[in-house]
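Thank you all for coming. Please take a look at the sequence and the model as they come up, and then I will walk through them slowly.

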Amino acid sequence: MTMLIPDAEHDDLHLGERPLIVCDIDEVVLEFVSPFMAYLDHNGHELRATSFRLHGNVFNRADGSETPGETVSEMLEAFFEAQDNWQTPVKEAADSLARLSVRADVVFLTAMPPRHREVRRRLLSRHGFDYPMIATEQPKGPAVLALHGERQHPVVFIDDIFVNLQSVRKHVPDTLLVNLMANDTFRALAPHPGDGVDIACDWPHAEDIIKTHFDGR
Ligand SMILES: [Mg+2]
């Protein structure tokens, strides 16, 4: 397999002659919004869920002022450094992926600076997510193309973000695209994931969509 992704950004990857499931991490297998809200609270700030973004929605609890974007970015960075103290698994994700992994290879693709890879790897393994991970800041469509290439097996991509889903749709058009977001409040505020995307309300629903897709191929 030709990997266009630098070695520093991924675990060992050996795909079998079978379907491939490429799966995002934040808000898909690990809770992100709720733990980050708790982290902000711990540091004297609060996230007000008034729109589908972090920057601009964080306020200082002491005086009610909007927290500057630079400070939000710094807290996000510190949160990811300490993520193993905060982030918890999404309900039923591990069980659903374990069942799906009987029929398909599972690879995590997270849009995270590679410097956080090791702490995230430990956190995933602690919760039974023993699948290889790619941590890269490059767009997800080219990353899935680099992984899947010209293979003739079904490929599935699961993510909470419109831009990522549509990036994969553009670069690997045959992909089954599944939109999944754990946090109910932010899911209600999210833009529609776009054409050609199946929307799953939880992991059992996503599992049904994926199994039906495999059965039809
Ligand atoms: Mg995500």
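**Two domains and what fills them**

The domain assignment divides this chain into domain 1, covering 7-31 + 88-215, and domain 2, covering 33-85, where the bounds come from an automatic or database domain assignment. Before I go further, I should say that this is a predicted model, in which local features need pLDDT of at least 70 and side-chain atom pairs count only at pLDDT 80 or more, while totals for chains, interfaces and linings use all residues. Residues are numbered from 1 along each chain as its sequence is written, and side-chain values use heavy atoms, with hydrogens and water left out.

The C-alpha centres of the two domains, domain 1 and domain 2, lie 25 Å apart. The contact takes 19 residues from domain 1 and 14 residues from domain 2, and contact here means heavy atoms within 4.5 Å.

Let me turn to the interior. In soluble globular proteins, nonpolar side chains tend to be buried together. A nonpolar core, as I use the term, is a set of buried Ala, Val, Leu, Ile, Met, Phe, Trp, Tyr and Cys residues joined through side-chain atoms within 4.5 Å. Buried means under 20% relative accessible area, exposed means over 50%, and partly exposed is in between, with a 1.4 Å probe and protein chains only.

Which residues touch the most other members of the largest nonpolar core? Of its 29 residues, they are Val-29, Phe-108, Ile-158 and Trp-203. Among the elements that give two or more residues to this core are strand E1 (20-23), strand E4 (105-110), strand E6 (155-159) and helix H8 (203-215). H8 supplies the largest share, five residues. These helices (H or I, at least four residues) and strands (E, at least two) are DSSP runs, numbered from the N terminus. If we set aside residues up to four places away in sequence, Val-29 touches, among others, Cys-23, Leu-97, Phe-108, Leu-124 and Trp-203. There is also a second, separate core of 18 residues, which includes Leu-147, Leu-165, Val-168 and Val-172.

Strand E1 deserves a slower look. Leu-20 and Val-22 point one way from E1, Ile-21 and Cys-23 point the other way, and all are buried. E1 runs parallel to E4, joined to that strand by four bridges, and Cys-23 stands opposite Phe-108 in E4. E1 also pairs with E6 in the parallel sense over four bridges, with Leu-20 opposite Val-155 in E6. Two strands count as paired if DSSP finds at least two bridges between them.

From helix H6 (residues 162-171), the buried residues are Asn-164, Leu-165, Gln-166, Ser-167 and Val-168. Their cover includes helix H5 (140-148), E6, E7 and strand E8 (197-199).

Now for the aromatic rings, where the structure holds 11 pairs. Rings of Phe, Tyr and Trp (its six-membered ring) pair if their centres lie within 6.5 Å, and planes under 30 degrees apart count as stacked, over 60 as edge-to-face and the rest as tilted. Phe-36 and Phe-79 make an edge-to-face pair, at 5.2 Å centre to centre and with 70 degrees between the planes. Because Phe-36 lies in helix H1 (residues 33-42) and Phe-79 in helix H2 (residues 69-81), the pair ties together parts that are 43 residues apart in sequence.

Are these two rings buried or exposed? Phe-36 is buried at 0% relative accessibility, and Phe-79 is buried with a relative accessible area of 0%. The rings of Tyr-39 and Trp-86 have centres 5.3 Å apart and planes at 85 degrees, so this pair is edge-to-face. That pair links distant parts of the chain, with Tyr-39 in helix H1 and Trp-86 in the loop between H2 and H3, 47 residues apart. Tyr-39 is buried at 10%, whereas Trp-86 is partly exposed at 24%. Ring pairs link Phe-32, Phe-36, Tyr-39, Phe-79, Phe-80 and Trp-86 into a cluster.

I will finish with the backbone. Most residues other than glycine have a negative phi, and most peptide bonds are trans. Glu-27, which is not a glycine, has a positive phi of about 75 degrees; Glu-27 lies in the loop between E1 and H1 and is buried, at 2%. Glu-92 has a positive phi near 70 degrees; Glu-92 is found in the loop between H2 and H3 and counts as partly exposed, at 38%.
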